[in-house]
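User: I want to go through this model and ask what backs each label. Please set the values against the cut-offs.

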Amino acid sequence: MRRQDLWELLFLAAVWGGSFLFMRIAVPEFGPIALIEQRVGLAALFLLPAAAWRGKLPVIRRHWKAILVVGVLNAALPFLLYAYAAQSLGAGFLSVANAVTPVWGAVIGWLWLKDKLPWTRSVGLLMGFVGIIVLVWDRLDFQAGGTGPAVLAAISAPIFYGVAANWTKRYLTGVDALANATGSMIAASLVLLPLAISAWPTHPVSFEAWRATVLLAVVCTGAAYIVFFKLIANIGPTAAVSVTFLVPVFGMLWGAWFLDEAITASIAMGAGIILAGTALALGLVKRV
């Protein structure tokens with residue numbers, strides 16, 4: 001891996017870890033629906049000129065039905081779930097919950113597309129689920145004001161990412177990644193628009209919340225997609241997805257640094273187990 005690739009991998013992990021921080025800052029004032037509409041809408045506006053310049057708009061039109069599904073499963077629904085969870089859970093917790101995404105991708109690929117799962121990867125999947133249990137065990141409080149619903153939202157969001165990844169493999173193989181990303185952001189923004197209009201905040205929104213929202217959309221979504229596609233092209237998809245292991249580090253770091261969030265024993269232990277299991281599930285750790 002070249003030094004430039006390494007720096008881009010670190011940048012991607014830092015900004016994706018920062019997405020949970022920005023959601024935590026902005027969601028109390030905007031609410032989940034209005035916030036996510038802005039995230040996908042501004043990201044679409046950011047990506048659209050690049051897609052048009054590279055002649056990808058006909059590709060989006062040709063595959064609009066499949067891309068619409070990706071927009072719902074890979075953006076609208078999981079982003080909404082994380083934004084809802086961010087109202088009561090910390091950035092560190094959310095970033096660790098997100099780290100199990102490749103595990104769900106492997107499980108759904110096995111169930112749906114009949115992908116093979118060597119025993120080492122099966123062990124990794126089991127470890128990932130154990131890590132989830134450790135992570136959420138002390139937060140499943142469903143009494144009034146409890147964090148149980150937010151926890152369920154946070155651990156459910158990666159399931160949609162896993163479905164979307166396999167949907168893309170099944171129906172959009174060979175479709176340019178920039179076209180897929182741009183089209184999916186446009187689709188997600190159109191799907192959420194009617195809900196966002198009805199849920200738009202009636203009170204004044206602070207500059208800090210607006211700033212966090214713009215950074216979430218432009219840097220953590222639009223620019224991050226471009227960097228991720230470049231990494232896939234330069235170092236391959238398996239190496240690029242290793243960013244999963246770095247996102248929780250930055251998510252916990254940003255949450256502790258900017259929001260004084262505590263890194264509890266359950267978060268640290270859950271993160272370690274989930275990341276170890278994910279490494280096995282991705283085949284990054286092989287039997288000697």
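User: What makes Arg39 count as lying over the face of Phe79?

Analyst: This is a predicted model. Arg39 lies 3.8 Å from the ring centre of Phe79. The rule asks for CZ of Arg within 6 Å of the centre and within 35 degrees of the ring normal. Arg39 is listed as over the face, so the pair counts under that rule. Arg170 is also placed this way: its charged end sits over the ring of Tyr171, 4.8 Å from the centre.

User: Why is Met23 called buried?

Analyst: Its relative accessible area is 1%. Buried means under 20%, so Met23 is buried. Met23 lies in helix H1, residues 3–30.

User: Which residues does Met23 contact, beyond its neighbours within four places in sequence?

Analyst: Arg39 and Phe79, the charge and ring pair from above, are among them. The others are Pro28, Leu35, Ile36, Tyr82, Ala83, Ala86 and Leu216. Each has heavy atoms within 4.5 Å of Met23. Met23 and Ala85 are 62 residues apart in sequence, yet their C-alpha atoms are 9.5 Å apart in space.

User: What makes the largest nonpolar core a core, and where does Met23 stand in it?

Analyst: A core joins buried nonpolar residues through side-chain atoms within 4.5 Å. The largest one has 78 residues. Met23 is among the members that touch the most others, with Leu35, Ile36, Phe93, Leu94 and Met185. H1 gives the largest share of this core, 12 residues. Another core lies apart from it, with eight residues, including Ile60, Ala66, Val70 and Leu172.

User: What does Leu35 touch, not counting residues up to four places away in sequence?

Analyst: Leu35 touches Met23, Ala26, Val27, Phe30, Ala83, Thr213 and Leu216.

User: Why is helix H5 described as largely enclosed?

Analyst: H5 covers residues 91–98, and eight of the eight are buried, so the rest of the structure largely encloses this helix. Phe93 and Leu94 are among those buried residues. Asn98 and Ser95 are on the list too.

User: Why is Asn234 called partly exposed?

Analyst: Its relative accessibility is 38%. Buried is under 20% and exposed is over 50%. Asn234 falls between these, so it counts as partly exposed. Asn234 lies in helix H10, residues 207–235.

User: Which residues does Asn234 touch, not counting those up to four places away in sequence?

Analyst: Asn234 touches Arg2 and Asp5. Asn234 and Arg2 are 232 residues apart along the chain, with C-alpha atoms separated by 9.3 Å.

User: How do you know that the protein is as compact as a globular protein of its length?

Analyst: The radius of gyration is 18 Å, and the globule rule gives 19 Å for 288 residues. The two are close, so the protein is as compact as a globular protein of that length. The C-alpha trace spans about 55 × 45 × 40 Å along the principal axes. Buried residues make up 52% of the 288. Of the contacts with a separation of 6 or more, 87% join residues 24 or more positions apart.

User: How many helices and strands does the protein have?

Analyst: The protein has 13 helices and zero strands.

User: Which residues form a cluster through ring pairs?

Analyst: Phe250, Trp254, Trp257 and Phe258 are linked into a cluster. Rings pair if their centres lie within 6.5 Å, and by this rule the count is 13 aromatic pairs.

How values were computed
Residues numbered from 1 in each chain as written. Predicted model: local features only at pLDDT ≥ 70, side-chain atom pairs only at ≥ 80, totals over all residues. Heavy atoms only, no water. Helix = DSSP H or I, 4+ residues; strand = E, 2+ residues; numbered from the N terminus. Buried < 20%, exposed > 50% of the residue type's maximum accessible area, 1.4 Å probe, protein only. Phe/Tyr/Trp six-rings, centres within 6.5 Å; stacked < 30°, edge-to-face > 60°. Rg over C-alpha atoms; globule rule 2.2 N^0.38 Å.
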